[in-house]
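Biologist: Could you walk me through this one, a bit at a time?

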Amino acid sequence: MFDPMVPRVARVKSRRREIPNTWTLELESDASDPGFAPGQFNMLYVMGVGEIPISMSGDPAAKRLVHTVRAAGAVSEALAKLKRGDPLGVRGPFGTEWPLAAAAGKDVVVLAGGLGLAPLRPLLYRLFAEPGRYGRLNLLYGSRSPADILYDRQLDRWREQHRAAIETTVDHAAAEWNGHVGVVTSLLTPGLFDAGNSVAFLCGPEVMMRFSVASLMNLGMSAQDIYVSMERNMKCAIGHCGHCQFGHTFVCRDGPVFRYDRIQDIFGIREM
Ligand SMILES: Cc1cc2nc3c(=O)[nH]c(=O)nc-3n(C[C@H](O)[C@H](O)[C@H](O)COP(=O)(O)OP(=O)(O)OC[C@H]3O[C@@H](n4cnc5c(N)ncnc54)[C@H](O)[C@@H]3O)c2cc1C
Ligand code: FES
């Protein structure tokens, strides 16, 4: 029987540098792979180093196991260094998904900050695959500098292929940048969506999500229409160890994707 605590062994199929310190790893997968829903994550284990949660960042329909990893510390650095053919342990998928059904018939605002675009990418694949199911699609993405824009070529392709507003902004730019400069909330303008008939999906640093929620609500969106993905330190990923717990809420089991009104009291509390 499937034991969620026992990793299966996978091998790196390909490795691609995205931006400084950030790599996308595709793992070899076979028919026994369970698939995943946008928003979910795997626990990736580098032999002899450790295990960390990493979101799925690939297309759910393509049945490919893709993760985008920023080298931030011991385990993520070791993951980012894995070469083609290297083995690693995989547990998952775990966690809640971006609720696409809640967006049906509504305008959609996807707000990403930095690496937060990675856990949102599976959602974007799904939104772009069925545009007729939703109203206006908006992807608003903020990164530190032009060199930190994740999946930049794919963003350009999506701009050409889809009828969606795809805007990027950077905190700091050199002279050759002729796009937006400023925080991601500066891209949130009233005409983009019908605040009474929209859903927003947010992922990024918590401070960015806090300001984004406030801006969306100032524009008339209700807390029940806003979904955020939260990151907390995790060990078991199945609601047992308590590492990600706050009161009755386990980020690994009840999240990482939450409807904002359901976690607004604990949002912003760093250590749980
Ligand atoms: C549900 C979920 C999905 C995630 N998805 C991705 C992803 O797609 N790509 C990716 O690169 N990272 C992702 N992360 C973050 C990743 O798990 C952490 O960067 C990693 O655990 C750091 O471990 P480390 O051993 O490399 O570094 P450590 O030495 O443990 O930490 C390095 C630095 O990162 C901070 N840190 C540690 N854990 C977290 C965390 N969970 N959230 C924020 N900061 C943390 C530490 O405080 C320290 O400053 C996700 C985290 C969660 C909970
Ligand atoms: S990681 Fe163990 S309870 Fe969430």
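What follows is a short chat about a predicted model.

Biologist: Let's start with a pair of helices. At what angle do α2 and α3 pack, and is that roughly parallel or roughly antiparallel?

Modeller: Two packed helices are described by the angle between their axes and the distance between the axes. Here α2 covers residues 117-129 and α3 covers residues 152-161, with the axes 13 Å apart. The angle is about 20°. Angles under 35 degrees count as roughly parallel, so the answer for α2 and α3 is roughly parallel.

Biologist: Is the crossing of α2 and α3 left-handed or right-handed?

Modeller: That describes which way one helix is turned from the other. For α2 and α3, the crossing is left-handed.

Biologist: Which residues of α3 meet α2, and how many residues of the contact are nonpolar?

Modeller: On the α2 side we find Leu117, Arg121, Leu124, Tyr125 and Phe128. They meet Gln154, Leu155 and Trp158 in α3. Sorting the residues of this contact gives one charged, one polar and, for the nonpolar ones, six.

Biologist: Now the ligand. How many residues surround ligand 1?

Modeller: The closest ones are Pro53, Thr68, Arg70, Ser76 and Asn233. Counting everything around ligand 1, the total is 19 residues.

Biologist: Which residue has a polar backbone atom 2.7 Å from an oxygen atom of ligand 1?

Modeller: Let's go through some backbone atoms. Gly73 has a backbone N or O atom 3.3 Å from a ligand 1 oxygen, and for Val75 the distance is 3.0 Å. The 2.7 Å distance belongs to Pro53.

Biologist: Any odd peptide bonds? Which residue comes before Pro93 in a cis bond, and which one before Pro256?

Modeller: Most residues other than glycine have a negative phi, and most peptide bonds are trans. Pro93 sits in strand β6, residues 87-94, and Pro256 sits in the loop between α5 and β15. Omega is about 10° for the cis bond into Pro93 and near 10° for the one into Pro256. The partners are Gly92 for Pro93 and, for Pro256, Gly255.

Biologist: And phi? What value does Asn21 have, and what value does Ala237 have?

Modeller: Asn21 is in the loop between β1 and β2, while Ala237 is in the loop between β12 and β13. Neither is a glycine, yet phi is positive for Asn21 and for Ala237. The values are near 70° for Asn21 and, for Ala237, about 75°.

Definitions and conventions:
Residues are numbered from 1 along each chain as its sequence is written. Chains are lettered from A and ligands numbered from 1 in the order in which they are written. This is a predicted model: local features need pLDDT of at least 70, side-chain atom pairs count only at pLDDT 80 or more; totals for chains, interfaces and linings use all residues. Side-chain values use heavy atoms; hydrogens and water are left out. Axes are lines fitted to C-alpha atoms, for helices over the stretch in contact, and angles run from 0 to 180 degrees between N-to-C directions. Helices (H or I, at least four residues) and strands (E, at least two) are DSSP runs, numbered from the N terminus. Angles under 35 degrees count as roughly parallel, over 145 as roughly antiparallel, 65 to 115 as roughly perpendicular and the rest as oblique. A crossing is left-handed if the near helix is turned anticlockwise from the far one by less than a right angle, and right-handed if clockwise. Contact means heavy atoms within 4.5 Å. Ala, Val, Leu, Ile, Met, Phe, Trp, Tyr, Cys and Pro count as nonpolar, Asp, Glu, Lys and Arg as charged, and the others, Gly among them, as polar. A residue is near a molecule or strand if one of its heavy atoms lies within 4 Å of it. A polar contact is a pair of N or O atoms within 3.5 Å; within protein, one must be able to donate a hydrogen and the other to accept it, and residues adjacent in sequence count only if both atoms are side-chain atoms.
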